[in-house]
Amino acid sequence: MLRAARMKNESFDPKTCKLGEFACEIRFGFIYVCLHETPPDIDAELEGLENLIGDYEPDNYRIVHTATEVWNTNWKCLVENFMEGYHLSVVHPLTLHGYTPTGLSKKAASGKGFTSYHANYPQETLSRGKGSDKLTDEARNRSTLFSIFPCQVTSIASSLLVALMIRPLSAETIEVRWTMSAYGDELDEETINQRITLWEEVNREDREKLEIMQASFRSVHAIGGTLAGPDYEGTVHDFLLWLGRKDT
Ligand SMILES: [Fe+2]
């Protein structure tokens, strides 16, 4: 601040009159802000993630679509929903089952502050893009879904990246800002528009189920259940362990 009109009293010091300062880091093309006065070591939290997604070259994706929506669900429910492969074939029978059926889901790397799984494509699926030269054919034949706790869930594939940033508004309401990014200039406009339409439908399907579930949680008869196996809900197990950590 250079000056403040009419603030001539001696007790006013422009050096101490400023906006709040918060820890800010950039990793993999994303900006991370921590509001806590002693932020965690982000590289320790994300140790192992570079091995998982580095070959996609996430910095080389460019945003092609952004939308902000308000969903009536608790934030943790969306993290769990996005991060398990168990629901893919049932909740998304016409949109995702053909690309990423539940039966091909495989748990992938976990770290102190993240979890992940691979949503593999059936062998007969046509290539969905080349992407980075570093990618193997195996990597091109799947989407890698990862969550950086607490509020980011992401799907990255050879030519497309979709990220949802979650901002809790209340115990039962969240703001979801989701972005779609394309690798370089590989995808034409028509293909990008088809992918946007697909993801709008996928998000609608998830949102519908989450909002019904949130209403049911109000019942005194709502009870917890056991998790499916590691390839289907091992990521949810990771998230629950993270939530239970005393230093988070
Ligand atoms: Fe889903």
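These are my notebook entries on a metal site, two helix packings and two backbone features in a predicted model.

**Entry 1: the iron site**

I started with the iron ion and looked up its protein donors. They are NE2 of His87, NE2 of His92 and two OD atoms of Asp206. These atoms lie 2.1 to 2.3 Å from the iron ion.

I then checked the geometry. The four donor atoms subtend angles of 58 to 149° around the iron ion, so I logged the arrangement as irregular. A tetrahedral label would need all angles between 85 and 135 degrees.

Next came the sequence spacing. The donor residues follow the pattern H-x4-H-x113-D. I placed His92 in the loop between helix H4 (88–91) and strand S4 (105–107), and Asp206 in helix H6. The pair therefore ties together parts that are 114 residues apart in sequence.

**Entry 2: H3 against H6**

Asp206 led me to the packing of H6. Helix H6 covers residues 189–216, and helix H3 covers residues 75–82. I read an angle of about 130° between them, and their axes are 11 Å apart. H3 and H6 are therefore oblique to each other. The crossing of H3 past H6 is right-handed.

I listed the contact residues. H3 supplies Cys77, Leu78, Asn81 and Phe82. H6 supplies Trp199, Asp206, Leu210, Met213 and Gln214. By class, I noted six nonpolar, two polar and one charged residues in this contact. Asp206 thus appears in my notes both as an iron donor and in the contact of H6 with H3.

**Entry 3: H3 against H7**

I followed H3 to its packing with helix H7 (residues 230–244). The angle is about 145°, and the axes are 9 Å apart.

Which residues of H3 meet H7? I found Trp75, Lys76, Val79 and Glu80 on the H3 side. On the H7 side I found Val236, Phe239, Leu240 and Leu243. This contact of H3 with H7 has six nonpolar residues, no polar ones and two charged ones.

**Entry 4: backbone features**

I went through the backbone last. Most residues other than glycine have a negative phi, and most peptide bonds are trans. I noted two departures.

Phe149 and Pro150 are joined by a cis peptide bond, with omega about 5°. I located Pro150 in the loop between strand S6 (142–148) and strand S7 (152–156).

Phe28 is not a glycine, yet I read a positive phi of about 55° for this residue. Phe28 sits in the loop between strand S1 (23–27) and strand S2 (30–34).

Note on methods
Residues are numbered from 1 along each chain as its sequence is written. This is a predicted model: local features need pLDDT of at least 70, side-chain atom pairs count only at pLDDT 80 or more; totals for chains, interfaces and linings use all residues. Side-chain values use heavy atoms; hydrogens and water are left out. Axes are lines fitted to C-alpha atoms, for helices over the stretch in contact, and angles run from 0 to 180 degrees between N-to-C directions. Helices (H or I, at least four residues) and strands (E, at least two) are DSSP runs, numbered from the N terminus. Angles under 35 degrees count as roughly parallel, over 145 as roughly antiparallel, 65 to 115 as roughly perpendicular and the rest as oblique. A crossing is left-handed if the near helix is turned anticlockwise from the far one by less than a right angle, and right-handed if clockwise. Contact means heavy atoms within 4.5 Å. Ala, Val, Leu, Ile, Met, Phe, Trp, Tyr, Cys and Pro count as nonpolar, Asp, Glu, Lys and Arg as charged, and the others, Gly among them, as polar. Donors are N, O and S atoms within 2.8 Å of the metal (3.2 Å for Na, K and Ca); water is not among the atoms, so sites may look incomplete. Four donors count as tetrahedral if all angles lie between 85 and 135 degrees; four count as square planar and six as octahedral if opposite donors are over 155 degrees apart and all others between 65 and 115; anything else is irregular.
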